[in-house]
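Please look through the structure shown here slowly, with the sequence beside it, before reading the report that follows.

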Amino acid sequence: MDRLPLLLGVGAGVVLVAVLAVRVSTRVGLPSLLIYLGIGVALGESGLGIRFDDVALTQALGVAALVLILADGGLSTRWSTVRPALGIGVALSTVAVAVSIGVTGLALWALLGLDLRIAFLWGAVLSSTDAAAVFSVLRNLGLGGRLVGSLELESGLNDAPVFLAVVLLSSAATLTWLDPLLVVYELVLGGLLGAALGRLGAYGLRRAALPATGLYPLATLAVCVLAFASAQLLHASGLLATYTAALVLGNSTLPHREGTRSFAEGLGWLSQIGLFVLLGLFVSPDRLALAIVPALIAGAVLVLAARPLSVVAATVGFRVPWREQVFLSWAGLRGAVPIVLALIPLTEGVPGAQALVDAVFVLVVVLVLVQGTTLPFVARALGLAGDSRVEEIQVDAAPLDTLRADLLQMTVPEGSRLHGVYVRELRLPDGAGLSLVVRNGASFTPQGESRIQEGDQLLVVTTETARAAAEERLRSVDRSGRLARWRGDTGGAPGLRDGSRRTADGGSRATDPPRVRRPPGDGTGPGTMGT
């Protein structure tokens with residue numbers, strides 16, 4: 001107890017510095033993970049002298065953080081955005097992983113003289129991309145819809161097969177032809193189990209009149225964690241179950257959905273901060289010098305051969321333009337996931353595992369510095385970068401249980417085509433109506449001739465049956481203006497305003513429009529819907 005205030009103070013200080021680092025990294029164009037790793041190294045044995053070398057605990061905490069990060073990613077991913085890229089995303093998460101493991105393993109077997117199984121283990125550890133690393137440097141770019149969807153799905157799905165491959169290669173058992181079938185079984189069962197629990201959780205949350213708003217995010221994340229635990233107990237892929245459960249929940253009509261996404265996003269950031277600081281604390285800088293040469297060789301193989309070949313193999317048949325293939329190849333940044341995966345063979349006592357951990361740590365830093373700083377230039381050179389405006393308005397809902405109605409709350413963002421639209425031109429469906437507008441701190445009841453402006457906060461009252469149609473209509477007018485229907489925009493698929501984009505690490509980071517506060521007195525207890 002005497003040390004508790006000190007520990008809490010150090011923890012709070014680390015979080016505050018890490019939060020400020022996000023702002024700094026945004027300005028300089030580097031992923032904030034480098035700062036988090038630097039904080040961990042500064043606190044470690046070569047800095048303040050804190051010694052932390054518990055491999056099993058680091059691995060357990062790392063996997064727990066990955067579960068929360070995947071939950072954030074699934075809850076923040078819109079199905080209508082990734083659906084057009086479903087085939088490419090799945091191929092990047094399966095075919096590309098297999099090709100990357102094979103190419104990297106064979107190359108390192110020949111170049112570094114590693115045992116063939118250990119070489120493939122290196123390939124498996126290095127084959128997982130990291131969404132947090134990629135999109136922390138892409139937040140100011142406007143990427144095309146299919147490209148965004150492909151990267152989102154890859155970042156959410158590829159951790160599961162890679163994790164299974166690393167576990168198999170780290171075991172002492174002899175590999176047989178049944179092992180690939182076992183991997184397929186675990187992935188399929190994990191995906192189905194996650195989807196089922198996601199649907200059950202959404203059904204229960206829609207019908208549960210919880211006494212406080214803050215309980216909905218807790219219950220939603222609990223379902224995601226339950227999906228991981230259940231799948232692991234059934235010898236299925238817990239990581240895939242987590243992501244699919246979160247994806248289903250995030251695209252269901254849940255009460256306080258945007259508030260839940262905000263909570264998950266904050267928890268995802270906290271998990272990333274804690275994970276990177278922990279990994280920086282765990283590594284020993286004294287050993288890193290010996291890992292530089294193997295890391296550079298592995299990095300060259302990965303960037304120049306394995307990643308491009310895996311992208312080409314995964315996109316065969318999808319008619320992906322060569323410019324997008326080049327960008328997908330260069331966007332394969334590595335982050336915390338490979339370091340966590342490298343701890344698995346170290347825990348299992350695989351020979352040479354410590355050298356793998358050190359090499360992966362060096363490689364992550366090098367790739368972030370090289371690729372992270374050049375990704376914006378590559379996107380612009382390929383003609384893929386556009387306007388950085390956000391994809392669409394954020395619509396939140398608070399239930400009115402006794403009236404069987406919902407309150408839709410939204411803020412009209414800058415650049416929205418809702419600006420200048422008359423209220424009568426909204427043409428909301430029967431059962432929905434715009435009841436209140438807040439402009440410059442003052443509220444008024446809109447009339448048919450009232451015009452909507454950028455920055456307005458809108459409150460729409462809708463019946464449960466009309467809610468989905470009302471959301472679709474608001475989003476379609478936001479993107480296409482008063483003539484949205486004539487232009488074929490029904491609001492069902494978010495599509496993209498010119499050059500718009502969303503992040504894929506779990507959310508829409510710094511460029512998201514501000515989410516509105518939940519008005520008090522809706523019968524759900526104190527709290528706000530977002531920040």
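Helix 13 gives nine residues to the lining of the largest pocket, which is the largest share of that lining. The model is a predicted one, and in it this pocket holds about 630 Å³ of space. Of the 24 residues that line the pocket, the closest to its centre are G11, V14, G274, V277 and L281. The elements that give two or more residues to the lining are helix 1 (4-28), helix 3 (55-76) and helix 13 (257-282). Sorted by class, the lining has 19 nonpolar residues, four polar residues and one charged residue.

A second place to study is the packing of two helices, helix 2 (residues 33-43) and helix 17 (residues 353-381), whose axes come within 10 Å and cross at roughly 145°. The crossing of helix 2 with helix 17 is left-handed. On the side of helix 2, the residues L33, L34, L37 and V41 take part in the contact, and they meet F361, V364, V365, V368 and L369 of helix 17. By class, this contact has nine nonpolar residues, with no polar and no charged ones.

Strand 3 has two pairings, which the table sets out.

| Pair | Direction | Bridges | Residues opposite each other |
|---|---|---|---|
| Strand 3 (residues 432-439) and strand 5 (residues 457-463) | antiparallel | six bridges | A432 and T462 |
| Strand 3 and strand 4 (residues 442-444) | antiparallel | three bridges | R439 and A442 |

Strand 3 and strand 4 also form a hairpin, in which two residues lie between the strands, and N440 in the turn has a positive phi of about 55°.

Methods
Residues numbered from 1 in each chain as written. Predicted model: local features only at pLDDT ≥ 70, side-chain atom pairs only at ≥ 80, totals over all residues. Heavy atoms only, no water. Axes fitted to C-alpha atoms, helices over the stretch in contact; angles between N-to-C directions. Helix = DSSP H or I, 4+ residues; strand = E, 2+ residues; numbered from the N terminus. Left-handed = near helix turned anticlockwise from the far one by under 90°. Contact = heavy atoms within 4.5 Å. Nonpolar A, V, L, I, M, F, W, Y, C, P; charged D, E, K, R; others polar. Pairing = 2+ DSSP bridges. 1 Å grid on protein atoms, 1.4 Å probe; cavity = no way out; pocket = protein on both sides within 12 Å on 5 of 7 lines; lining within 4 Å. Points joined across faces, edges and corners; volume = space filled by probe spheres on them.
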